[in-house]
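Q: I have a model open and would like to learn how to read it feature by feature. Could you walk me through it?

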Amino acid sequence: MQIVGYRNDEPALLVAEAGAVRRLSLAPGTELAYTLSERHCAGTIDGERHIACERDRSPYCELHTTPWSVANNRDSEAEHAIYLAAFAPAVFKVGVTRLERLETRLREQGADRAAHVRTVPDGRIARERETAIRVEHDITERVRVATKIQGFGEIIDENAWNDLLAEFDVRKQFTFDYGLDLDGRPLAETMLSGVVRGSKGRVLVLDHRGTTYAVDLRDLVGCEIDEGATDRELQASLDGFA
Ligand SMILES: [Zn+2]
């Protein structure tokens, strides 16, 4: 079995076995017991069929990587939203997406807060405005998943966020709650054993032997998996042994 993708809407991994693809649910409460083995290109999914690829590069080799411009609908003439997104405690980014995808896009990234600040006629203008906002307000266009995980279990710095919003003409604000109910920061790991607590964007949060882990689903894509909980030595929190 190989993990060949993931879905954010109803959190799930896509698992391929003998050419067929099925969903492995990541709904809260799901018990997972898999061991990861070697990782290679995740190949292609064509409907419910999987076309395997043995090339080493993961998650995708040169042939199976979707170009950024295609994945992001680069030349889209649809209306675009320009938004600000906040990740606890105080990491702020500017981004653009097709207007109809705004809330989906914010959830995909695991934003804690967001604000829609402008609507523009097409993707090209949206990217120009995005760059201008990045420079003018000194905020990033990209937040690494590792940076997001560092803020899991923390709350938004309201003052810093409101100070930023005051510089914009805010059309709509969003507040997201992913129901993770964390007491502290989970440990970042690449593993697939434990009980699902929930998902925040592409990060899966799992409880395993008294420790809470955060797993970037993208790091699982391409991994071969075997049934059975991992017996690999994982870093554990001290609380886990209390
Ligand atoms: Zn490939």
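A: Gladly! Let us begin with strand pairing: two strands pair if DSSP finds at least two bridges between them. Keep in mind throughout that this is a predicted model. As a case of a bridge, alanine 86 has phenylalanine 92 of strand 8 as its bridge partner. Another bridge joins isoleucine 82 to valine 96, again in strand 8.

Q: How many bridges link strand 7 and strand 8, and in which sense do they pair?

A: The pairing of strand 7 (residues 80-87) with strand 8 is antiparallel and runs over 8 bridges. These two strands make a hairpin, with 3 residues between them.

Q: What is the strand order of the sheet that holds them?

A: The order is 8-7-9-10, in an open sheet of 4 strands with antiparallel pairing. Strand 8 (91-98) and strand 10 (172-175) each have a single partner strand and stand at the edges, so one side of each has no neighbour in the sheet. From one strand to the next, the twist averages 25 degrees.

Q: Which helix packs on this sheet, and which strands does it touch?

A: That is helix 3 (residues 123-137), which touches strand 7, strand 8 and strand 9 (113-120). The direction of helix 3 makes about 170 degrees with that of strand 8.

Q: Is strand 8 mostly covered or mostly uncovered?

A: For burial, the idea is to count neighbours: a residue is buried if 20 or more other C-beta atoms lie within 10 Å of its own. In strand 8, 6 of the 8 residues are buried, so by that cut-off the strand is mostly covered. Valine 94 sits in strand 8, and it is buried because 23 other C-beta atoms lie within 10 Å.

Q: Which residues is valine 94 in contact with, beyond its neighbours in sequence?

A: Leaving aside residues within four places in sequence, valine 94 is in contact with Ile82, Leu84, Glu130, Ile133, Arg134, Ile139 and Glu141. You can also compare sequence and space: valine 94 and histidine 137 are 43 residues apart along the chain, while their C-alpha atoms are separated by 9.5 Å.

Q: Where else could I practise reading hairpins?

A: Try strand 13 (residues 203-208), which takes part in two pairings. On one side, strand 12 (residues 192-200) and strand 13 run antiparallel and are joined by 5 bridges. In that pairing, valine 196 has leucine 206 of strand 13 as its bridge partner. The hairpin of strand 12 and strand 13 has 2 residues between the strands, and glycine 201 in the turn has a positive phi of about 60 degrees.

Q: How many bridges does strand 13 form with strand 14?

A: Strand 13 and strand 14 (residues 211-216) pair over 6 bridges, in the antiparallel sense. Here valine 205 stands opposite alanine 214 in strand 14. This hairpin also has 2 residues between its strands, and arginine 209 in the turn has a positive phi of about 50 degrees.

Q: Why is strand 13 described as largely enclosed by the rest of the structure?

A: The reason is burial: 5 of the 6 residues of strand 13 are buried, so the rest of the structure largely encloses it.

Q: Can we read a loop residue in the same way?

A: Yes, take proline 11, found in the loop between strand 1 (2-7) and strand 2 (12-17). Proline 11 counts as buried because it has 22 C-beta neighbours inside 10 Å. Not counting residues up to four places away in sequence, proline 11 touches Leu26, Ala27 and Ser199. From proline 11 to glutamine 109, the gap is 98 residues in sequence and 13 Å in space, C-alpha to C-alpha.

Q: How is the protein chain divided into domains?

A: The division gives domain 1 (2-64 + 180-241) and domain 2 (69-175). Their centres, taken over C-alpha atoms, are separated by 26 Å. The contact takes 13 residues from domain 1 and 11 residues from domain 2. On the domain 1 side, these are 5 nonpolar, 3 polar and 5 charged residues.

Q: What about the protein chain as a whole?

A: The secondary structure comes to 5 helices and 15 strands. The radius of gyration is 19 Å, close to the 18 Å that the globule rule gives for 242 residues, so the protein chain is as compact as a globular protein of that length. The C-alpha trace spans about 50 × 50 × 25 Å along its principal axes. Of the 242 residues, 30% count as buried. Among contacts with a separation of 6 or more, 67% come from residues 24 or more positions apart.

Note on methods: Residues are numbered from 1 along each chain as its sequence is written. This is a predicted model: local features need pLDDT of at least 70, side-chain atom pairs count only at pLDDT 80 or more; totals for chains, interfaces and linings use all residues. Axes are lines fitted to C-alpha atoms, for helices over the stretch in contact, and angles run from 0 to 180 degrees between N-to-C directions. Two residues are in contact if their C-beta atoms, placed from the backbone, lie within 7 Å. The radius of gyration is taken over C-alpha atoms; the globule rule is 2.2 Å times the number of residues to the power 0.38. A residue is buried if 20 or more other C-beta atoms lie within 10 Å of its own, exposed if 12 or fewer, and partly exposed in between; C-beta atoms are placed from the backbone. Domain bounds come from an automatic or database domain assignment. Ala, Val, Leu, Ile, Met, Phe, Trp, Tyr, Cys and Pro count as nonpolar, Asp, Glu, Lys and Arg as charged, and the others, Gly among them, as polar.
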